[in-house]
Amino acid sequence: MGTSFGRGGATNFQQDLANADCIVIQGSNMAEAHPVGFQWVMEAKRRGAKVMHVDPRFTRTSALADTFVPIRVGTDIVFLGAIVNHILSNELDFREYVLAYTNASSILSEDYLDTEDLDGLFSGFDPETRTYDTATWQYAGAEAAGVDEDDAAADRSTASGMQHESHGMPVPEEHERDETLQHPRCVYQVLKRHFARYTPELVEEACGVSREQLREVAEAWVAASGRERTTALVYSVGWTQHSVGAQYIRTGAIIQLLLGNMGRPGGGIMALRGHASIQGSTDIPTLFNLLPGYLVMPDARRHPDLASWVQDMSMPGRKGLWGNGAAYAVSLLKAYWGEAATEDNDWCYDHLPRIDGDHGTYRTVLDMIEGKVKGYFLLGQNPAVGSAHGRAQRLGLANLEWLVVRDLYEIESASFWKDSPEIETGEIVTEECATEVFLLPAASHVEKEGTFTQTQRMLQWREKAVDPTGDRRSELWFFYHLGRIVRERLAARGEERDRPLLDLTWDYPVHGEHDEPSAEAVLREINGVDVATGRPLSTFTELRADGSTAGGCWIYTGVYADGVNQAARRRPGAEQSWVAPEWGWVWPANRRILYNRASADPDGRPWSERKAYVWWDEEAGEWTGHDVPDIERTKPPSYRHEPGAVGVDALDGTDAFVMQGDGRGALFVPNGLLDGPLPTHYEPVESPFGNPLYGQQANPTRVEYREQVNPIHPSPPAEDPQVFPFVFTTSRLTEHHTAGAMSRQLEYLAELQPEMFVEVSPALARERGLEHLGWCHVVTARAAVEGRVVVTDRLRPLRVAGRVVHQVWLPYHWGSKGLVTGDSTNDLFGISLDPNVLIQETKAGTCDVRPGRRPRGAALLDLLEGYRTRAGTADRRPIVTADPRAVTRSAGRADAPHRPEEGS
Ligand SMILES: Nc1nc2c(c(=O)[nH]1)N[C@H]1C(S)=C(S)[C@@H](COP(=O)(O)OP(=O)(O)OC[C@H]3O[C@@H](n4cnc5c(=O)[nH]c(N)nc54)[C@H](O)[C@@H]3O)O[C@H]1N2
Ligand SMILES: Nc1nc2c(c(=O)[nH]1)N[C@H]1C(S)=C(S)[C@@H](COP(=O)(O)OP(=O)(O)OC[C@H]3O[C@@H](n4cnc5c(=O)[nH]c(N)nc54)[C@H](O)[C@@H]3O)O[C@H]1N2
Ligand SMILES: [Mo]
């Protein structure tokens, strides 16, 4: 989303789904996982919209859709690619929109070679680092804007692509275009060629979807797009948790741009977020690689000083809002270090920690196993159940010196030393496990105040309903007082290296019996203030790089405008417009639909009366309409920048994608993605099928930790995967919540879904002798997990590549604690990650299924060892399977091709 449009958040709001003429839900079980928002899908349907659901499993979402399309997991790019092909080969794109607001006309470097030329690799691939030099992916004449393969490798290990969540695509504005879209190297033609082999026949072969069903979806999508109509696209983690996850979303983005659905009511892409504040936890990140507002975390190698750090984020010479990057950065440093931050000391830039590689959650757990990590804080997370490769998670926790867990319950991640599956196998011995666990009770969401930032970028203030009892405390309390005590100790020590902590502003007012810090004071600091007067700022354009403003998260500036907690607004819908701007507060600038400049034509007129949203009022000389315009309010559509202008001044009156280096939605992404400028179908890391399109089997740039604890199953072309013949996928039940601590403890929910189960089709049940409601166990190289058999036609065997593929489905909510207990599905997975964002592939794997309960103790270890031996998981297949000669040809190198690297 970030590289395609400029910001990573959902583009529209859920209520706006009611305005859609068609809704495509793919990779999401919205009715069960987002039931409240789903009412707006039903409202759209009531008004005549067509609802389509594309999913491997029939769910309540499918039941409420007009059309359900069963698909093989991990093949969405083929399906969507065929829709792109349908649009382009019949010239069904919304041409005026495409010309004005996308990079369709941009001409690419003549050195660019496509996956069509190189059997599944793009030009610039370096088999040694397994990353790309992106010079050849650039616009013609702008090759220098690319990154080399070593930088790309560093980008991968730090998931630095995530900065594009609010950073857009760093490309130069000035480059050659062909408005006729005929030039063979213009993006439009390159796209057309790239997807030409994504045909209905291929969809049948790869996805197991009939050409009639494909046509139905494609035609409905096209028919409900254009001037008068809009289609909304909804996805969630059925798309993200793949080793090619970011590219699934890219394919959806390409369709929505070609059909002109972005920035318009009833259109857009609804990226549904999961946990209550999961959007908030990337905006103000708990991630190793980002600072608030998507500022990149300083990198030891690349950012020796403030200037290099700011330069990296503000992209000097480029157009767009990041031209003001220095203001966002300096204001953040001022918020952290207050008076200590001065121009002379680079605003305390050297107080910021640096990263130097992969410190992601999975790498960290492997480092724990290797004894490289001493202590760990675990808050609001239960990785022993919720993260891929449960055994590795627990072995890591068991190898720490100390562990702090703050949770509502004693979760599996706190009790692994006495009741994990590894106790039974003897891999963890209670008496010998040296980890000292500090289990601290947390106050729940009703026992504390603060904001959640939910799925549509909305900050909503939550009152405290009841006081927490006993020792339960809020996170704010815990960190404020922990920080206070640590600072007191360090102050007594008086060492220079403690300055980063001692210089922090740590002056929140406290109240009540337990000295609870004021959450509202924190919100005010996040919003930002004028340092001299303390006046809260109204919008991020007021932030300055001269130390006169302080602000904790530039995209949130405005949430405390006028000294009022805007997130606490609850004006009823009936008392305001349908956009309801006075309900909560939305980033950026309370704008509800992003890129809404594109809801008007290039001259600023609505595309149609029916879909009018934001338009140019000639008389008043400003943009007006139902929402805060996503363009400077008084910049006329006719405005053209002066040559040499930079930053916001360089944005034309037609540039609808204001974060992007060229002001446009990206059909083709020259910069910002590690696995390719265009989405390409790769098989999941574990797949029983060979890639029907290319010699390159799986994503060649993926992260796959090749360590003994992490065996990965064989896939074609190396070997025929007979040992693990079935595909399995995992997802949610309405009645449980994620890793289960919050639902397995509740009587009603526990009763509704009392036991771990495995869904199989009647055909697979027959083939493997599985009895409905009897026991079975699912086996991988990592674990065997047992559950009750549920034989159901919710899962249909699909005919793929001339044979039948069985898909097995498991919920992932069980563990050893609570009123209902069971094996944890995540024990089945190994760890392989998408290269752009380091998300794990937990939606697709291969497995075996056997009747009866699983063996216990040593017998379990023997079973797994037997499987690993037969599968030959020790003999690692290469990550790069395409002909390496293609690689050197593309890179234009004289040296001999390298053997694909075996290490990660
Ligand atoms: N009741 C309830 N609600 C929840 C949660 C919960 O645990 N319980 N969790 C919350 C959280 S944290 C999140 S992130 C959201 C998640 O919300 P969703 O993403 O809707 O939840 P999931 O059930 O994981 O599955 C998504 C769907 O993707 C499908 N799928 C799997 N693989 C593929 C694929 O390759 N292609 C396609 N097209 N579809 C695929 C699955 O069959 C499933 O129907 O839900 C939130 N809401
Ligand atoms: N196989 C498979 N694995 C998956 C997924 C999948 O689809 N398939 N989905 C993934 C997704 S999208 C997600 S989000 C993760 C979720 O994985 P986790 O985040 O590990 O699981 P949760 O059970 O949501 O953990 C949240 C914990 O926070 C505690 N808690 C609740 N409120 C508070 C509070 O205010 N303070 C504190 N300190 N604790 C609190 C709860 O009791 C709970 O134990 O799972 C991921 N794993
Ligand atoms: Mo999630």
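A nonpolar core, as the term is used here, is a set of buried Ala, Val, Leu, Ile, Met, Phe, Trp, Tyr and Cys residues joined through C-beta atoms within 7 Å. Keep in mind that this is a predicted model. With that in place, let's start from the inside.

**The core**

The largest nonpolar core holds 248 residues, and the ones with the most contacts inside it are Ile23, Trp221 and Val778. Helix H15 (residues 325–337) puts in the largest share of this core, ten residues. For some background, nonpolar side chains in soluble globular proteins tend to be buried together. If you click on Trp221 and skip its neighbours within four places in sequence, you'll find Cys22, Val24, Ile83, Thr231, Ile255 and Leu259 in contact with Trp221.

**Two ligand shells**

Now for the ligands. Here is how their shells break down by residue class.

| Shell | Nonpolar | Polar | Charged |
|---|---|---|---|
| Ligand 1 | seven residues | 17 residues | six residues |
| Ligand 2 | eleven residues | 16 residues | three residues |

Ligand 1 sits among 30 residues, the closest being Ala33, Ser236, Gly238, Gly274 and Ser731. Four elements each supply at least two residues of that shell: helix H2 (30–33), strand S2 (50–55), helix H11 (237–240) and strand S23 (726–731). H2 gives the most to the shell around ligand 1, with three residues.

Around ligand 2 there are 30 residues, with Gly386, Ala442, Thr738, Ala739 and Ala741 the closest. Helix H17 (383–386), strand S11 (402–407) and S23 each bring at least two residues to the shell around ligand 2. So S23 turns up in the lists for ligand 1 and ligand 2. In domain terms, the ligand 2 shell draws at least three residues from each of domain 1 (361–449 + 470–496) and domain 3 (703–871).

**Where domains 1 and 3 meet**

The chain is divided into domain 1 (361–449 + 470–496), domain 2 (596–655) and domain 3 (703–871). The C-alpha centres of domain 1 and domain 3 are 27 Å apart, and their contact takes 25 residues from domain 1 and 28 residues from domain 3. Which elements give two or more residues to the side of domain 1 that touches domain 3? They are helix H16 (361–369), H17, helix H18 (390–397), helix H19 (412–419) and helix H20 (421–425). By class, this side of domain 1 has eleven nonpolar, eight polar and six charged residues. H17 is worth a second look: it helps line ligand 2 and gives residues to the domain 1 side of this contact.

Definitions and conventions:
Residues numbered from 1 in each chain as written. Chains lettered and ligands numbered in written order. Predicted model: local features only at pLDDT ≥ 70, side-chain atom pairs only at ≥ 80, totals over all residues. Near = placed C-beta within 6 Å. Nonpolar A, V, L, I, M, F, W, Y, C, P; charged D, E, K, R; others polar. Domains from an automatic or database assignment. Buried ≥ 20, exposed ≤ 12 C-beta atoms within 10 Å, placed from the backbone. Contact = placed C-beta atoms within 7 Å.
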